[in-house]
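Student: Hey, can we go through this one together? I'd like to start with how the strands pair up.
Tutor: Sure, here it is.
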Amino acid sequence: MPYTDPIHETHVSEPGLLVVDVAAADDATALAFQQLLADRWATATAEQTTRDAGQPGVRLRCYLDLRQQLTAAAVAGPTTEPTTARP
């Protein structure tokens, strides 16, 4: 897999630290997923995605720290209320 860069020991040196590699169809999807992670946990985010020649979609890597306490808003998460169609 051409995208796979080595993971440095410091990125996973303690329990609760994660490296997340994301593959998505487009930039908007990959960055939206990254934002969902960042809304819940301390996250070192990527500024942009990358494309590998000859491979479908885009990729990005971000780093999460699950050791922090979640806020009440993060635990509750987004609301998913039904929407009504407008004529």
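Student: So how many bridges join S2 to S3?
Tutor: Three bridges link S2 with S3, and the two run antiparallel. Strands here are DSSP runs of E with at least two residues, helices are runs of H or I with at least four, and both are numbered from the N terminus. Two strands pair if DSSP finds at least two bridges between them.
Student: Is this an experimental or a predicted model?
Tutor: This is a predicted model, where local features need pLDDT of at least 70, side-chain atom pairs count only at pLDDT 80 or more, and totals for chains, interfaces and linings use all residues. Residues are numbered from 1 along each chain as its sequence is written, and side-chain values use heavy atoms, leaving out hydrogens and water.
Student: Ok, what's the strand order in the sheet?
Tutor: S1-S3-S2, an open sheet of three strands with antiparallel pairing. The edge strands, S1 and S2 (42-44), each pair on one side only.
Student: Which residue in S3 stands opposite Thr43?
Tutor: Leu64 does. Among the residues that Leu64 touches are Trp41, Ala42 and Leu37, leaving aside residues up to four places away in sequence. Contact means heavy atoms within 4.5 Å.
Student: New topic: which residues are in the largest nonpolar core?
Tutor: That core has 10 residues, including Val20, Leu37, Val58 and Leu64. A nonpolar core is a set of buried Ala, Val, Leu, Ile, Met, Phe, Trp, Tyr and Cys residues joined through side-chain atoms within 4.5 Å, and buried means under 20% relative accessible area (1.4 Å probe, protein chains only).
Student: And which element gives the largest share?
Tutor: S3, with four residues.

Key: Buried means under 20% relative accessible area, exposed over 50%, partly exposed in between (1.4 Å probe, protein chains only).
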